[in-house]
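User: Hi! I'm new to reading protein structures, and I'd like to work through one with you. Could we take it step by step?

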Amino acid sequence: MAKIALITGATSGIGEACAHVFAREGYDLVLTGRRLDRLEKLASKLNKAHNAEVAVSAFDVRDREQVIDNLEQLPAKWKKVNVLINNAGLSKGLDPLQKGSYDDWETMIDTNIKGLLYVSRVVSNWMIDNGMGHIINLGSIAGKEVYANGNVYCATKFAVDALNKGMRIDLLPHGIKVTGIHPGAVETEFSEVRFNGDKKRAKKVYDGFEPLVAEDVAETIWFAASRPAHVNINELTVMPTAQASVFNIFKK
Ligand code: NDP
Ligand code: 8X3
């Protein structure tokens, strides 16, 4: 029987790239995100390319009931999850705290912290029942360094870093691995979402240097997921070569 990876935020960027990599490596997949049409297209592509069996489940990670209902409704065979990739996340806005949007703050906190918690609460219990599992949490360089106007986004990623450590302690007696992946700049839909669809402003973020692409992060996640049973990668920070820290980017 193939191993199973459950990936949140699989409709785009890093999550979608992880779906390709894990399918290539022989995994069956549970793919989640809000955009069902994208999940269905991706599922059919992965089935054709890699013969992967794929279940899709569209829900908003901010809605606790939706998370629990949709995950618990999955047939029993999909609950034998070997790897959970807690990837769904976003940034909204880039404003000084005193001018921040309440709605943006709530969206980030509800998605990046509470959404990750809701999914982890359900899936970690399946892993405990199954006696195995690996949870991989997408943090960020923004969860290691605070930058100007990053305030609440940084706070949510610092929270992910803390939860990564907390989960590792709490799940230790159950033999469940927990890994944090902390990328620097990755060119995905991330900046477009941050700037509310302003493609020009989003593109500028990556001007003058070579950012990471989603596949770079997905391959790093695969490295962590494919270590022998007795080895856990606690965390990895993955940066573009041209980026030494959040704001130290060497532009040509
Ligand atoms: P994308 O915007 O390309 O992808 C984000 C994914 O999250 C989408 O699949 C989106 O799906 C999903 N998502 C967002 N909100 C929700 C929600 N409420 N419910 C369910 N799914 C949701 O960005 P990235 O691939 O770059 O980001 C993935 C992760 O990596 C995030 O946690 C981000 O913070 C982190 N990260 C990104 C970096 C970057 O520079 N790009 C750097 C460091 C970390 P849908 O809209 O269909 O729901
Ligand atoms: C995304 C990286 O530097 O844009 O988490 O916050 S950054």
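User: Where is Lys-77 found?

Analyst: Happy to help, and please keep in mind that this is a predicted model. Two elements frame the spot: α3 covers residues 64–72 and β4 covers 83–86. Lys-77 is found in the loop between α3 and β4.

User: Is Lys-77 buried, partly exposed or exposed?

Analyst: Let's use its relative accessible area, which is 41% for Lys-77. Buried would mean under 20% and exposed over 50%, with partly exposed in between. Lys-77 is therefore partly exposed.

User: Which residues is Lys-77 in contact with, leaving aside its neighbours within four places in sequence?

Analyst: A contact here needs heavy atoms within 4.5 Å. With the neighbours within four places set aside, the contacts of Lys-77 are Met-1, Ile-4 and Glu-53.

User: How far apart in space are Lys-77 and Asp-95?

Analyst: In sequence, 18 residues separate Lys-77 and Asp-95. In space, going from C-alpha to C-alpha, the distance between them is 45 Å.

User: Now for the sheet. What is the order of its strands, and which strands stand at the edges?

Analyst: The sheet is open, has seven strands and shows parallel pairing. Its order is β3-β2-β1-β4-β5-β6-β9. Each edge strand has a single partner, so one of its sides is left without a neighbour in the sheet. The edge strands are β3 (54–58) and β9 (235–238).

User: How many bridges does β2 form with β1, and how many with β3?

Analyst: Strand β1 (residues 4–7) pairs with β2 in the parallel sense, and Leu-6 stands opposite Val-30 there. β2 also pairs with β3 in the parallel sense, where the bridge partner of Gly-33 is Ala-58. The counts are four bridges for β1 with β2 and five for β2 with β3.

User: Which helix packs on the sheet at β2 and β3?

Analyst: The helix touches both β2 and β3. Its direction makes about 175 degrees with that of β3. This helix is α2.

User: How many residues of β2 are buried?

Analyst: Strand β2 runs over residues 28–33 and is mostly covered. Asp-28, Val-30 and Thr-32 point one way, while Leu-29, Leu-31 and Gly-33 point the other way, and all are buried. The count of buried residues in β2 is six of six.

User: Are helices α1 and α2 roughly parallel or roughly antiparallel?

Analyst: The axes of α1 (residues 13–24) and α2 (residues 36–50) come within 10 Å and cross at roughly 25 degrees. Angles under 35 degrees count as roughly parallel. That crossing angle therefore makes α1 and α2 roughly parallel.

User: Which residues of α1 and α2 make this contact?

Analyst: The crossing of the two helices is right-handed. By class, their contact has four nonpolar, two polar and three charged residues. On the α2 side are Leu-42, Lys-45, Leu-46 and His-50, and on the α1 side are Glu-16, Ala-19, His-20, Ala-23 and Arg-24.

User: And how is α1 oriented to α8, roughly parallel or oblique?

Analyst: Helix α8 covers residues 214–225, and its axis comes within 8 Å of that of α1. The two cross at roughly 50 degrees, and the crossing is right-handed. With that angle, α1 and α8 are therefore oblique.

User: How many nonpolar residues are in the contact of α1 with α8?

Analyst: Among the residues that meet are Ile-14, Val-21 and Phe-22 in α1 and Val-217, Ile-221 and Trp-222 in α8. The contact also has one polar and three charged residues. The number of nonpolar residues is 11.

Conventions: Residues are numbered from 1 along each chain as its sequence is written. Chains are lettered from A and ligands numbered from 1 in the order in which they are written. This is a predicted model: local features need pLDDT of at least 70, side-chain atom pairs count only at pLDDT 80 or more; totals for chains, interfaces and linings use all residues. Side-chain values use heavy atoms; hydrogens and water are left out. Axes are lines fitted to C-alpha atoms, for helices over the stretch in contact, and angles run from 0 to 180 degrees between N-to-C directions. Angles under 35 degrees count as roughly parallel, over 145 as roughly antiparallel, 65 to 115 as roughly perpendicular and the rest as oblique. A crossing is left-handed if the near helix is turned anticlockwise from the far one by less than a right angle, and right-handed if clockwise. Ala, Val, Leu, Ile, Met, Phe, Trp, Tyr, Cys and Pro count as nonpolar, Asp, Glu, Lys and Arg as charged, and the others, Gly among them, as polar. Buried means under 20% relative accessible area, exposed over 50%, partly exposed in between (1.4 Å probe, protein chains only). Two strands pair if DSSP finds at least two bridges between them.
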